[in-house]
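Please look through the sequence and the model below, and then follow the explanation one site at a time.

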Amino acid sequence: MPKELPFRIGSMLILNKTARVFSKPSKSKIYAFLRSFNFSPGTRFLHKVVLGIETSCDDTAAAVVDETGNVLGEAIHSQTEVHLKTGGIVPPVAQQLHRENIERIVQEALSASGISPGDLSAIATTIKPGLALSLGVGLSFSKQLVNQWKKPFIPIHHMEAHALTIRLTNQVEFPFLVLLISGGHCLLALVRGVSDFLLLGKSLDIAPGDMFDKVARRLSLTKHPECSSMSGGKAIEHLAKQGNRFHFDISPPMHRVKNCDFSFTGLQHVTEKIITKKEKEEGIEKGQVLSSAADLAAAVQHTAACHIAKRTHRAILFCQQRQWLSQSHAVLVVSGGVASNFYIRRALEIVTDATQCTLLCPPPRLCTDNGVMIAWYRMDYSQTLRQDAVKQSGWRKEGP
Ligand code: KG4
Ligand code: ZN
């Protein structure tokens, strides 16, 4: 997802997460055997295997997933370190980096899976939303593969894929509530089926991860010895553990607005003003780390957590009042990079405990942008269709 002048801190990650962790050579052999086996004369056994390609923002990711949700191969290249140097994502730079890496990443995912291109059932690719220049690279590369390998093309909506990822790792029935919080996403939706989303709230300005990144950058946390290789949000969480949030009083955003929307720009600006004031008090230049950085990190993290928890609480109550969530098994799914923040998770846990909901988060590698969710999304779709449980209506906005 695109960010408004995003700033991401961290080291360049070139991960082939699959080679050892996810590739299951013995299973691949079993699938190869099954594919070659005729169960009834003239009928070839069909086992769906999809290649997913994701280039919507600054991660070039690919994965090969089968219809049972097995991740056969996965690879990802993050551009974080490059964008750190330019102070945010510059779309033409992101485009160039996607171009340089996409072929290798797709090849790595395929090799790790042990699946040959001819055995793929389809190629799924993110088509929206995202940075146009980044999306274009994935799309034209997929188009090339589709023509070359003569495979069906599956267009994927990035946010819907994020929202459904939990069904890959947990048995979650529709409807459930989803909270997507990252550097580019901030939305609350009721997921009633695949491609059947009711939008309850969204950020009116920037996403929480973007706010954390901007505050971390203003605090120059890359110069802090303990945080130099951390993303902004992670650095804030790390420092907050050493700080005292009561040293600063930052009021939560939108506390008079009784709906499920979010806002983080005000919080960013208030925090920046405090930083400027503190720099004067401590007699230090902009660009040096404040002695009170940990206290400030604790205060901003606490305020963001309260804001997120409060809006989510309202959304749960709103859905429960209308009996839109299961009375016995109401589920809140939280995903996105910010969902890895334990303080925010704890705040959400308090809300789910109070409302008899279950809080579920995909594992961290599936919370952030990845190719697995892109490959898996339509597979879940076809499975749900088979169960005849889908009423399609796309995204609609509703809320208190
Ligand atoms: O989902 P993601 O990898 O990428 C997109 O933004 O799409 O999320 C990255 C965002 C960054 O803004 C980063 O600062 C934030 O997630 N983040 C965190 C934490 N780890 C990453 N925010 C708060 N606490 C964390 N522990
Ligand atoms: Zn995303």
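Is His158 buried or exposed? In this predicted model, His158 counts as buried because its relative accessibility is 0%, and the cut-off for that label is under 20%. His162, with a relative accessibility of 1%, counts as buried as well. Both residues belong to helix α6, which spans residues 158–164, and because they are 4 residues apart there, about one helical turn separates them.

These two histidines lead to the zinc ion (ligand 2), whose protein donors are His158 and His162, each through NE2, together with His185, also through NE2, and Asp369 through OD, at distances of 2.1 to 2.2 Å from the ion. Along the chain, the donors of the zinc ion (ligand 2) follow the spacing H-x3-H-x22-H-x183-D. The angles among the 4 donor atoms run from 87 to 157°, and the site is classed as irregular.

Another place to look is helix α4, residues 91–113, where Glu108 is found. Glu108 counts as partly exposed, because its relative accessibility is 22%. Although Glu108 and Gly73 are 35 residues apart in sequence, their C-alpha atoms lie 7.8 Å apart in space.

The last topic is empty space within the protein. Searching the whole structure gives 1 cavity of 30 Å³ or more, and the largest cavity has a volume of about 30 Å³. Its lining is made up of Pro252, Pro253, Met254 and His255, along with Cys306, His307, Lys310 and Arg311; by type, the lining residues of this largest cavity divide into 4 nonpolar, 2 polar and 2 charged.

Notes: Residues numbered from 1 in each chain as written. Chains lettered and ligands numbered in written order. Predicted model: local features only at pLDDT ≥ 70, side-chain atom pairs only at ≥ 80, totals over all residues. Heavy atoms only, no water. Donors = N, O, S within 2.8 Å, 3.2 Å for Na, K, Ca; no water. Tetrahedral: all angles 85-135°; square planar, octahedral: opposite > 155°, others 65-115°. Helix = DSSP H or I, 4+ residues; strand = E, 2+ residues; numbered from the N terminus. Buried < 20%, exposed > 50% of the residue type's maximum accessible area, 1.4 Å probe, protein only. 1 Å grid on protein atoms, 1.4 Å probe; cavity = no way out; pocket = protein on both sides within 12 Å on 5 of 7 lines; lining within 4 Å. Points joined across faces, edges and corners; volume = space filled by probe spheres on them. Nonpolar A, V, L, I, M, F, W, Y, C, P; charged D, E, K, R; others polar.
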